[in-house]
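Okay, everyone, thanks for coming. Let me put the structure up, and then I'll talk you through it.

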Amino acid sequence: MQRFAGAPTILRLILRLDRIKLPLWILGLGFMIVITPISIRDVTETEATTRGVAPEVILAEQAALVDTNAAMVALSGPADALDTFGGRYLFELGAMTLAIVALMNVLLVARHTRASEEAGRTELLRSSAVGTWAIELALGIVVTVANAALALIVILAFGLDGVDLGATSAFAVAMALMGMAFAALTLMWAQVFEHSRSSTGAGIATIAAAYALRAAGDVQDGWLSLVSPIGLVQAVNPFGDLSIAPLLVLVAVIVATLGAGAWLAARRDVGAGIVAPRPGPPAASARLVTPLGLAWRLHRGIVLWWAVGVGFLGMVYGSVLSAVDDFVQDNESMQEMLEQMGAIGDQFRDAFLTMLLTILGFVAAGAVLQLTLRPRAEEMAGHAEMVLAARVSRRSWLGAQLVIAWLIAPVLMLVAAVALTVSDGLVVGEIVEPGSAIGAAMTRVPALWAMIGITTALYGASKRLAPLGWVVFGVTVLFFLFGELLRLPDLALNLSTLYHTNHQPVEAQPFLSLLTLTTIGLVSTALGLGLFQRRDVA
Amino acid sequence: MEMKLRIEGLHKWFGTTHALAGLDLNVRAGEVMGFLGPNGSGKSTAIRVVMGLLRADQGTVEVLGQDPWRDAVALHQQMVYVPGDVNLWPSLTGGEIVDLLGTLGPGLDRGRRDEMLERFDLDPTKRARTYSKGNRQKVALVAALASSAEMFIFDEPTSGLDPLMESVFQDVVRELVADGRTVLLSSHILAEVESLCDRVTIIRDGAAVESGSLEDLRHLTHLTMSVRTRDPLPIDALSELSGVAAVEAEGTQQATLSIERERLAAVMEQLAPLGLVDIESRPPTLEELFMRHYATDAS
């Protein structure tokens with residue numbers, strides 16, 4: 001028992017440190033789980049009543065749509081038992097929810113193992129009367145409780161809805177075991193790498209790999225899904241052909257990875273890893289030592305992740321685009337909504353695409369705003385001071401970073417539009433007018449430029465004002481989405497930058513708004529650069 | 001005497017805080033000027049004005065004959081700065097940052113860069129996030145010291161360095177001065193100031209309270225005198241005497257007095273009738289000098 005000495009104290013410490021984070025994770029995931037049966041049953045039964053058929057008929061109709069849609073299967077999981085409510089709920093929750101459960105476990109374990117060790121806190125604990133495995137034991141209890149809580153939420157939510165409790169429990173247990181498997185995997189990664197960023201990164205990469213493997217497996221009905229913990233949960237297929245074997249495999253994965261982790265842990269010192277961190281270049285490349293080179297080096301990670309993000313979202317939207325006509329045909333409220341957006345006759349697809357591109361514009365706006373606010377972060381961190389004390393003018397320091405934001409705006413819109421077009425093409429079987437979505441996406445770019453400009457002007461005036469750029473973003477998104485619902489006056493709607501570019505492909509984009517938005521962007525960027533010359537940097 | 005840095009009547013407000021209240025500071029060519037003062041007295045603010053990062057609200061600031069606000073970029077070709085709090089980009093390696101700051105600064109001498117890396121015992125392949133505080137400081141120091149700058153501005157550069165590295169820093173600064181460069185050194189480490197600086201300026205509440213060579217400062221100010229007498233010392237009466245700043249009694253017949261130099265004779269007249277047995281007088285140590293200026297109730 002020596003090895004577990006102090007575990008109760010550490011358990012209380014972990015719960016104290018995570019008293020906000022962990023409940024938020026469970027509540028957030030719990031909300032996603034609870035809302036699924038409620039929303040689907042309501043929509044399905046309403047439609048069944050209006051058409052005077054059984055709800056299962058509606059489910060079967062929709063299942064037929066999914067069956068032929070490889071993109072939706074790749075995103076969500078196998079189209080099993082979709083003619084039952086339970087099966088449909090699991091498909092709606094999909095692989096994405098399971099990946100988020102996995103993420104909760106990876107981050108939970110990473111922050112109490114390697115991150116704590118890197119910060120030197122583990123050293124402090126281990127030098128007191130705390131056994132070798134006390135931290136791991138305490139963490140194991142927390143992980144088990146957290147995953148059990150999620151399982152309980154699934155059972156309650158589905159049970160109250162009235163689907164089969166036994167089948168639901170099989171899924172809930174599988175999900176909890178999967179969460180624990182990812183926790184065990186992260187515990188193993190924490191032994192391997194010396195830095196928490198590497199071990200957290202390895203954990204997240206494992207989730208991505210598990211997600212991708214099951215996507216490939218599900219699309220081809222192959223065995224690849226069964227090497228993925230996420231795929232194993234879905235292979236339980238509780239509402240169709242229930243199979244218990246995947247649960248046993250998950251238990252075996254947990255035991256094996258815990259064993260591997262313990263074996264590795266016995267072979268290293270506190271603070272050290274199995275893989276030593278790679279040394280970096282001892283000298284800077286010629287490209288780095290310019291203001292633009294430095295800005296790119298510092299911001300390229302953000303750019304890359306946003307590109308992956310908008311690309312993924314573009315794929316998701318592309319996968320449902322072709323289904324719009326089928327949905328709309330039988331759905332009058334949807335028809336009305338799209339007609340309000342300017343759809344005439346059979347232009348539903350274009351009207352839907354117009355809305356999707358503007359939503360992708362919101363995401364790209366978030367990305368370029370984050371880039372525009374990077375100079376502020378650099379200033380707050382004390383990095384700006386170092387560069388400005390060298391022979392770099394304020395104009396070139398700030399200008400270099402803004403050049404990146406200005407150029408990334410069209411790049412992100414392009415990535416989103418191409419991903420959407422390709423994914424739509426995969427579903428339909430041929431690429432429909434590739435130029436139209438891409439060209440339409442480009443008309444959103446001046447709205448992004450205007451936001452960069454306004455934020456730059458605020459930052460140039462004062463670093464404290466800069467975050468108001470997010471207010472511009474909030475106004476753009478909220479006034480666009482809810483402006484007509486709230487009956488806001490035209491004047492207020494006009495404050496939403498992307499409202500002015502929400503035209504193509506369903507209707508022509510007025511050239512004057514593009515010109516005005518670009519001018520606002522250029523003039524306010526210049527203003528910001530000018531104001532930045534005049535203020536204190538500290 | 002050629003002035004490399006001239007500050008006259010410098011004022012700087014942050015909102016209602018009067019951070020610099022008429023600061024005067026002069027640095028001559030080829031000297032090491034020590035810049036001292038308690039925490040929050042305005043040292044770093046003054047240095048940031050000199051670097052053109054903050055704008056002077058009032059007063060004259062001239063660095064190498066130029067205006068640091070207007071001619072910042074031109075000036076930074078001839079001067080380097082090591083901030084007190086060195087914050088590096090966590091994902092870049094030490095070597096990359098040295099090259100970056102060196103190249104963007106007054107120009108990097110490759111041979112000198114490698115020499116400095118070696119003397120400061122710094123591994124350039126490590127990412128900045130893995131460096132300790134002392135090593136982060138070394139990165140900024142190597143970048144600055146390997147440059148061909150004419151003027152060096154250090155804001156508490158050695159607060160995280162070990163004694164060995166601190167002595168390397170002192171050696172390098174002496175070489176710079178021997179080579180005719182000019183240094184402004186803000187520091188709390190008195191031994192460092194004593195061994196490196198030709199002159200010091202002490203700042204409090206945003207204004208210079210003392211400025212001159214260490215030698216002058218010591219002689220211009222109070223003497224510390226230990227006395228032993230045959231008769232009991234009238235401690236209270238002594239501390240009331242004009243020119244006596246402090247009296248510290250040790251028993252009844254022994255005390256340490258801090259006396260203004262010009263009042264020395266008058267004090268001695270009072271002490272003589274008591275039957276002086278022993279007397280020892282010395283100039284104040286640097287510590288005593290600072291304590292007197294740093295303490296809120298000194299003057």
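So, the lining of the largest cavity: by class that's 11 nonpolar, seven polar and one charged residues. And yes, this is a predicted model, so keep that in mind the whole way through. The space in this largest cavity comes to about 190 Å³. If you want to find the spot on your screen, look for P78(A), G87(A), L90(A), F91(A) and Q234(A), which lie nearest the centre out of 19 lining residues. Which helices should you follow to get there? Try α5, α9 (165-192) and α11 (229-235) of chain A, since each of them supplies at least two residues of the lining. The biggest giver is α5(A), with seven residues.

While we're in that part of chain A, have a look at A81(A). Its phi is positive, about 50 degrees, although A81(A) is not a glycine. You'll find A81(A) in the loop between α4 (70-76) and α5 of chain A.

Now, how many cavities of 30 Å³ or more does the structure hold? Three. The second largest has a volume of about 170 Å³. Fifteen residues is what I'd like you to picture around this one, and the closest to its centre are M386(A), A390(A), V80(B), Y81(B) and L101(B). Notice that this list has names from chain A and from chain B. From chain B, the elements β5, α3 and α5 (133-145) each supply at least two lining residues. By class we get 12 nonpolar, three polar and no charged residues here.

That takes us to where the two chains meet. In terms of contacts, 39 residues of chain B touch 35 residues of chain A. People often give the size of an interface as the accessible area lost when the parts come together. Here the area buried between chain B and chain A is about 3,200 Å², and carbon and sulfur atoms give 61% of that. Three residues to highlight are L53(B), W89(B) and L104(B): together they supply 23% of the area that chain B buries against chain A, more than any other three residues.

What about charges and polar atoms? Side chains of opposite charge can pair when their charged atoms come close. Between chain B and chain A, the count is three salt bridges. One to zoom in on joins E385(A) and R48(B), with the closest N and O atoms 2.7 Å apart. On top of that topic, there are 23 residue pairs in polar contact across the interface of chain B and chain A. So which parts of chain B are doing the touching? The elements that give two or more residues are β1 (3-14), β5 (79-82), α3 (94-104) and α4 (110-119) of chain B. Of these, α3(B) gives the most, with seven residues. Sorted by class, chain B's side has 19 nonpolar, 11 polar and nine charged residues.

Let's go back into chain A for the largest pocket. About 1,800 Å³ of space lies in there. It has 44 lining residues, and R197(A), G201(A), I204(A), G301(A) and W305(A) are the closest to its centre. The helices α5 (85-112), α10 (196-220), α13 (291-321) and α17 (374-380) of chain A each supply at least two residues of that lining. You've met α5(A) already, as the biggest giver to the largest cavity. For the pocket, though, the largest share comes from α13(A), with 10 residues. The mix of classes in the pocket lining is 24 nonpolar, 10 polar and 10 charged.

Stay on α10(A) for a second. D218(A) forms a salt bridge with R214(A), and their closest N and O atoms are 3.0 Å apart. Why does about one helical turn separate D218(A) and R214(A)? Because they sit four residues apart in helix α10 of chain A. Over all chains, by the way, the salt bridge count comes to 30.

Last stop, and it's a peptide bond. Q504(A) and P505(A) are joined by a cis peptide bond, with omega at about 0 degrees. To find P505(A), go to the loop between α23 (490-493) and α24 (511-533) of chain A.

That's my tour, so over to you for questions.

Technical notes:
Residues are numbered from 1 along each chain as its sequence is written. Chains are lettered from A and ligands numbered from 1 in the order in which they are written. This is a predicted model: local features need pLDDT of at least 70, side-chain atom pairs count only at pLDDT 80 or more; totals for chains, interfaces and linings use all residues. Side-chain values use heavy atoms; hydrogens and water are left out. On a 1 Å grid over the protein atoms alone, a cavity is a set of points where a 1.4 Å probe fits but cannot get out, and a pocket is an open set with protein on both sides within 12 Å along at least five of seven lines; lining residues have an atom within 4 Å of a point. Grid points are joined across faces, edges and corners, and a volume is the space filled by probe spheres set on the points. Ala, Val, Leu, Ile, Met, Phe, Trp, Tyr, Cys and Pro count as nonpolar, Asp, Glu, Lys and Arg as charged, and the others, Gly among them, as polar. Contact means heavy atoms within 4.5 Å. Buried area is the accessible area (1.4 Å probe) that two parts lose on being put together, summed over both. A salt bridge is a side-chain nitrogen of Lys or Arg within 4 Å of a carboxyl oxygen of Asp or Glu. A polar contact is a pair of N or O atoms within 3.5 Å; within protein, one must be able to donate a hydrogen and the other to accept it, and residues adjacent in sequence count only if both atoms are side-chain atoms.
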